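I opened this entry to look up how the parts of the model are put together, and I kept to what could be read from the coordinates.

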Amino acid sequence: MKPKEMKSWDVEKVRKDFPVLQREVNGKPLVYLDNAASAHVPQVVIDRGSKYLAEEHSNVHRGVHYLSQHATNAFEAAREKVKRFINARESAECIFVRGCTEGVNLVASSYGRRFINEGDEILVTQMEHHSNIVPWQAIAEERGARVRMVPINTRGEIIIEEYEAMLNERTRMVAVSHVSNSLGTVNPVKEMTATAHKFGVPVCVDAAQSVPHFPVDVQDLDADFFVFSGHKMFAPTGSGVAYGKREWLDKMPPYQTGGGMIRTVSFEKTTYAPIPEKFEAGTPAIAAAIGLGAAIDYINGLDFKAAAEYEHSLLEYATERLADIPEVTIIGTAAEKASVLSFTIEGIHPHDIGTILDQQGIAIRAGHHCAQPVMNFFDVPATARASFAFYNTREEVDKLADAIQKVIEVFA
Amino acid sequence: MSELNELYQETILEHNKNPRNFREIDDADKKAFGNNPLCGDALQVFVKMDGDTVGDVAFKGSGCAISKASASMMTQAVKGKTRDEADELFDEFHKMVTGEIDIESDDTQLGKLRVFAGVLEFPARVKCASLSWHTLNAALHEKEEISTE
C-alpha cells in the first residue's frame with residue numbers, strides 16, 4: 001500500500017456523512033461490510049429526498065401547475081446527472097428503472113422481442129447474478145433461442161478464449177457483469193465488447209457492482225446496454241438506470257405500456273413517445289430518481305479516484321488478513337478485483353459465521369448471493385461475503401479478522 | 001455474547017459435529033426433501049414405519065449448525081413415537097421457536113429439544129431450526145418436497 005494514496009482519502013471525515021455508520025448494533029459499533037447487497041445513504045441524499053417530498057412533490061410530465069413543472073425539472077435534472085456520471089451521449093439514453101433487475105428485464109424483454117429469434121444464441125457468463133441469467137433464459141424460451149454459458153476458471157475469471165470461440169453468426173447478445181457480486185472479479189468488459197462488436201453482437205453490462213466503486217464511461221467501454229441500481233451507490237432503493245445506445249432503444253418495443261409512454265392513443269392506433277419516455281410507463285419513482293441524482297452529486301463532490309484507490313487498498317489488506325487464517329479459504333482470486341471478499345471456513349456453514357459476526361456488530365452476507373452457478377462451480381453451498389465501500393476502515397477489517405477467529409473458536 | 005451462547009449451546013455444537021442418524025435408509029417407506037432456497041440448506045428425511053410407529057428415522061444433507069443439530073436431535077426425539085405423537089411434538093417445537101409457548105412455564109414434551117428455544121432471538125435462523133421438522137412432517141404425510149421461505 002502506498003502511504004500517499006491513504007493520505008489523500010480522509011475516511012473519518014467521509015464517515016460523518018453517513019448517519020447509520022454512527023449507530024451501534026447488538027451493543028457494538030456497526031461494522032457494515034455488506035455494501036454489495038446495499039450501500040448506505042449520506043445525509044445530503046436523505047435531505048434531498050425529504051426536501052422533495054416536503055416541498056416539491058407532484059407528478060411529472062403532465063401538469064401545467066407550478067409543482068408539477070418543478071418536479072419534472074428536478075426529475076429530468078437527475079437524468080442529466082446520470083448522463084454525465086456514466087458519460088452517455090445524451091440523457092434520453094438513460095432510462096429510469098426500479099433497479100438493476102428491472103433494467104435487465106427491460107433490455108432482455110424488449111431487445112429480445114425485436115431481435116432474438118428461433119435458433120439464436122445468447123452468451124451469459126458463469127459468474128452472473130441470477131438477475132443477469134434468468135431474464136435471458138425467459139426471453140430465450142419465449143423466442144426459441146438458447147442461452148450458452150461462458151465458463152470461468154478457478155480464480156473466478158472469464159476464460160476469454162472460450163468466450164471468443166463461442167461468438168458466432170447466431171449470437172444475438174452478450175450478458176456480462178462489470179464486477180461479479182459473488183467473486184469481486186472485474187471483467188475486461190471493454191475488450192469483450194470490442195470482440196462482440198466484430199460479430200455485430202451487442203453487449204449488456206450488469207454494472208450494479210462497478211458504479212459504486214470506480215468511475216465508469218459507457219462510451220469508452222462502448223457498451224450497448226449498461227444497467228445499475230441506485231441503492232448500491234448511496235441512493236435510495238427504487239432508483240436505477242438502464243442505459244442503452246439510442247440506435248438500439250429507438251428500434252426496441254416498449255417494455256411496459258400505459259400512461260406517460262405514449263404520443264397518441266386511439267382504439268384504432270396508438271403511437272409511442274420517443275425515448276426515454278417510451279420505456280417509462282406510469283408514474284416513475286420520482287423521489288428515488290432525485291435521490292440518485294443527489295448521490296451522484298455527492299460522489300462528484302468526493303475525489304472518486306482517490307476513494308477507489310483507498311477502497312482497493314482496503315480490499316487488499318482484508319485479503320491479506322484473511323489469507324493469514326489457515327481455516328479460511330478465499331473464493332474468487334482474480335487478478336482484477338473490486339470490493340468483494342468471499343470466503344468459507346472449513347467445517348463451518350456461512351450462516352453460522354454470519355450470525356456470530358452479527359453478534360459482534362459486523363454485518364456481512366452469508367448465502368449463495370443469487371449466484372448459484374458460481375456456488376456450484378466452486379462446489380460450496382454458500383459463502384460468507386464481506387464487501388467494502390470507501391467509508392470502511394482498516395480497523396473494521398481488523399475487527400472482521402478477529403471476529404472470524406472467534407467463530408473458529410466457537411466451533412473448535 | 002450471552003445471546004450467542006444461548007443459540008450455540010454445547011449440545012447444538014456437539015450434534016453439529018457428530019450428527020446422529022446421519023445416513024440413508026435404503027428401504028425407507030417414507031421420505032421427503034426439504035430445502036431453504038434462501039440459504040442453500042437442503043436435506044432429505046427417511047422414515048421406516050413399524051405399524052403406526054416411527055421404527056427408524058434418519059437424514060442426509062448439508063446445512064448450517066442449527067439445521068444439522070436440529071435434524072439430528074429430531075431423529076432421536078421421534079424414533080419410537082407414533083405418527084400422531086410426532087405431529088404433536090412438531091407442533092410444540094414450531095410453537096417454541098416462534099415464541100407461541102413459554103418453555104419455562106408451559107407443560108411440553110420437548111425435553112432436550114428446548115435447547116433450540118434460543119433461536120427465537122434470531123429470527124433469520126428460525127427456518128434453519130424448523131427445516132428438518134417440516135421435512136419430517138412432509139414425509140409422514142406423504143408430501144414429496146417442502147420449502148421454507
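I began with the spacing of the two domains of chain A in this predicted model, and I found that the C-alpha centres of domain 1 of chain A and domain 2 of chain A lie 28 Å apart. I noted the bounds as well: domain 1 is made of 3-32 + 303-410, whereas domain 2 runs over 47-300.

Next I looked up the contact between them, to which domain 1 of chain A brings 23 residues and domain 2 of chain A brings 23 residues. On the side of domain 1 of chain A that touches domain 2 of chain A, I found that α12 (304-323), β14 (340-345) and α14 (372-377) of chain A each supply at least two residues, and that α12(A) gives the most, with four residues. I then sorted that side of domain 1 of chain A by class and wrote down 13 nonpolar, five polar and five charged residues.

I turned to the nonpolar cores. Which residues touch the most other members of the largest nonpolar core? Among its 127 residues, they are A:Val205, A:Val227 and A:Val241. Helix α11 (residues 286-301) of chain A provides the largest share of this core, ten residues, and I saw that the core draws at least three residues from each of domain 1 and domain 2 of chain A.

I followed A:Val205 further: leaving aside residues up to four places away in sequence, A:Val205 touches A:Val176, A:His178, A:Val189, A:Leu221, A:Ala223, A:Phe225 and A:Phe226. Finally, I recorded another core that lies apart from the largest one; this other core has 40 residues, among them B:Ala32, B:Val45, B:Ala71 and B:Trp133.

Conventions. Residues are numbered from 1 along each chain as its sequence is written. Chains are lettered from A and ligands numbered from 1 in the order in which they are written. This is a predicted model: local features need pLDDT of at least 70, side-chain atom pairs count only at pLDDT 80 or more; totals for chains, interfaces and linings use all residues. Domain bounds come from an automatic or database domain assignment. Two residues are in contact if their C-beta atoms, placed from the backbone, lie within 7 Å. Ala, Val, Leu, Ile, Met, Phe, Trp, Tyr, Cys and Pro count as nonpolar, Asp, Glu, Lys and Arg as charged, and the others, Gly among them, as polar. A nonpolar core is a set of buried Ala, Val, Leu, Ile, Met, Phe, Trp, Tyr and Cys residues joined through C-beta atoms within 7 Å. A residue is buried if 20 or more other C-beta atoms lie within 10 Å of its own, exposed if 12 or fewer, and partly exposed in between; C-beta atoms are placed from the backbone.
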